[in-house]
Every structure is written in structure tokens, then in C-alpha cells.
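Got your viewer open? Load the model, switch to cartoon, and we'll walk through it stop by stop.

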Amino acid sequence: MAPRIAVGQVVKRKAVIVKPDDTVHRVAKILSKNKVGSAVVVKDDEIVGIITDRDILDKVVAKGRDPKTVKVKEVMTENPITIEDDYEVQDAIDKMMDKGIRRLLVTRLGRPIGFVTAADLLAALNTYSSEAEEVSEETEVYGICELCGQYGPLYKVYIEGGEKWICESCKDSLNL
């Protein structure tokens with residue numbers, strides 16, 4: 001019997017947000033600075049696509065196009081496959097296999113919080129099956145703080161009998 005692990009517990013790669021009209025050059029710098037391979041393209045609070053280092057390499061660099069003039073919307077993958085963070089790891093694996101993709105965008109209430117890869121998911125299943133250890137507290141989850149609305153690293157806390165995801169400053173101010 002596979003353990004029940006929520007996809008949100010496995011997210012290690014934060015969601016980096018870019019706009020459709022950003023240049024590929026700007027996005028390449030953002031990806032590099034954040035040491036990630038893909039960014040979520042958001043327009044008016046809606047996820048409209050993702051752009052990966054592979055897109056930049058294949059659709060811009062290899063074709064001799066100028067990254068300073070090519071816009072994200074010209075090379076992004078539209079309507080990326082997403083999964084809500086409360087789904088189970090097995091659901092994510094099934095979805096990846098079904099769609100033939102290597103990474104999934106994880107959302108919370110439709111907002112991007114990060115990516116998981118097949119390797120992340122398999123590692124999570126592996127970790128749990130060997131001992132059912134506790135999830136390490138360092139798992140970095142990014143998203144919108146449920147108290148102050150700031151975007152950043154989040155921590156799961158229990159307030160008033162319910163689970164909330166809050167930022168470090170709210171966590172500190174509540175002495176949690």
C-alpha cells in the first residue's frame with residue numbers, strides 16, 4: 001500500500017513568475033539567478049504558460065534568434081498541465097505518464113507554488129516507503145501567505161484548529 005503523500009509536500013522548486021511580454025533574455029537571467037529550469041508565465045493573475053530553459057535553447061538560441069527581442073509569449077508552452085497541491089504523489093505520477101511530461105506545475109487554489117519532477121515524486125515515495133519517516137521541515141514551499149498576502153517561502157502552521165500556510169514574519173510575530 002503506497003503512503004499518502006500530498007504533492008505540496010514534495011515541491012522543492014519554487015515557482016518563478018514572469019510575464020508574456022518579458023523578453024527571453026530577461027527570463028534567462030531570472031532562471032539563472034534563481035537556479036531553476038522553468039518559469040510560470042502569468043497574466044492578470046492567470047497562469048497562461050510555462051517557459052523552460054529547453055524552450056529558450058531550442059526555439060531561440062538554436063535558431064539564431066535574438067533573446068533581447070523575442071518575447072516569452074512567442075516561445076512559451078501554453079496551458080501547462082497543473083496539479084493542485086493537495087493531490088497525492090501517485091496522482092501526479094499518473095498525470096505525468098498520461099501526458100508524457102517531465103515536470104508538473106503545482107498550484108494552490110489555482111496559484112502557482114512550484115514544480116515537481118518525476119525524480120522528486122519517486123524520491124518522495126522512496127523516502128516514505130523506507131521507514132515512513134517524517135517530512136523534513138526544510139521543504140521550501142512558496143506561495144501567498146494566508147495571513148498577510150505576501151508571496152514567499154511558507155510554513156505550515158495550525159491556528160484556531162485549522163491548517164494555514166504563512167510566511168516567516170507572520171510565523172515569528174505569532175511566536176510559532
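In which sense do β6 and β7 pair, and over how many bridges? They run parallel, over 3 bridges. Strands here are DSSP runs of E of at least two residues, helices are runs of H or I of at least four, and both are numbered from the N terminus. Two strands count as paired if DSSP finds at least two bridges between them.

Before going further, a word on what you're looking at: this is a predicted model, where local features need pLDDT of at least 70, side-chain atom pairs count only at pLDDT 80 or more, and totals for chains, interfaces and linings use all residues. Residues are numbered from 1 along each chain as its sequence is written, and side-chain values use heavy atoms, with hydrogens and water left out.

**Stop 1: the whole chain**

Stay zoomed out for a moment. The protein chain has 6 helices and 11 strands. Of its 176 residues, 39% are buried, where buried means under 20% relative accessible area, exposed means over 50%, and partly exposed is in between (1.4 Å probe, protein chains only). About 10,600 Å² of the chain is exposed, with carbon and sulfur atoms supplying 49% of that; the areas come from the Shrake-Rupley method with a 1.4 Å probe, and for residues only the protein chains shown count as cover. Take the contacts (heavy atoms within 4.5 Å) between residues at least 6 apart in sequence: 50% of them join residues at least 24 apart.

**Stop 2: the four-stranded sheet**

Now select β1, β8, β7 and β6. In that order they make an open sheet of 4 strands with mixed pairing. Residues 13–14 (β1) and 82–84 (β6) are the edge strands, each pairing on one side only. To see the register between β6 and β7, pick I83: its bridge partner in β7 is V106.

Next, show the side chain of R108, which sits in strand β7 (residues 103–108). R108 counts as buried because its relative accessible area is 13%. Its side chain makes a polar contact with the side chain of D85 at 2.6 Å. A polar contact is a pair of N or O atoms within 3.5 Å; within protein, one must be able to donate a hydrogen and the other to accept it, and residues adjacent in sequence count only if both atoms are side-chain atoms. Leaving out residues up to four places away in sequence, R108 also touches E84, I113, V141, L154 and W165, among others.

Hop across to I113 in strand β8 (residues 111–117). Is I113 buried or exposed? It is buried, at 2% relative accessibility. Its contacts beyond four places in sequence include V11, R13, D85, V106, R108, V141 and Y142. Try a distance label too: the C-alpha atoms of I113 and G152 are 9.3 Å apart, with their positions 39 residues apart along the chain.

**Stop 3: a loop residue on the way**

Between β7 and β8, click on L109 in the loop. L109 has a positive phi near 50° without being a glycine. Most residues other than glycine have a negative phi. L109 is exposed, with a relative accessible area of 76%.

For another example, go to D44, in the loop between β3 (38–43) and β4 (46–52). D44 is not a glycine either, yet its phi is positive, at about 50°. With a relative accessible area of 68%, D44 is exposed.

**Stop 4: the three-stranded sheet**

Select β9, β10 and β11, which form an open antiparallel sheet in that order. β9 (141–144) and β11 (162–166) are at the edges with a single partner strand each, so one side of each has no neighbour in the sheet.

Start with β9 and β10, joined by 4 bridges. Y142 has P153 in β10 as its bridge partner. The two strands form a hairpin with 6 residues between them, and G149 in the turn has a positive phi of about 80°.

Move on to β10 (residues 151–159) and β11, which pair over 5 bridges. Here Y158 stands opposite E163, and I159 is opposite G162.

**Stop 5: the cysteines**

Finally, display the cysteine sulfurs. How many disulfides does a search of the whole structure find? The count is 0, taking a disulfide as a pair of cysteine sulfur atoms within 2.5 Å. For C145, the nearest cysteine sulfur is that of C148, 3.7 Å away. C145 is buried, at 3% relative accessibility. For C167, the nearest cysteine sulfur is that of C170, at 3.7 Å. C167 is buried, with a relative accessible area of 9%.
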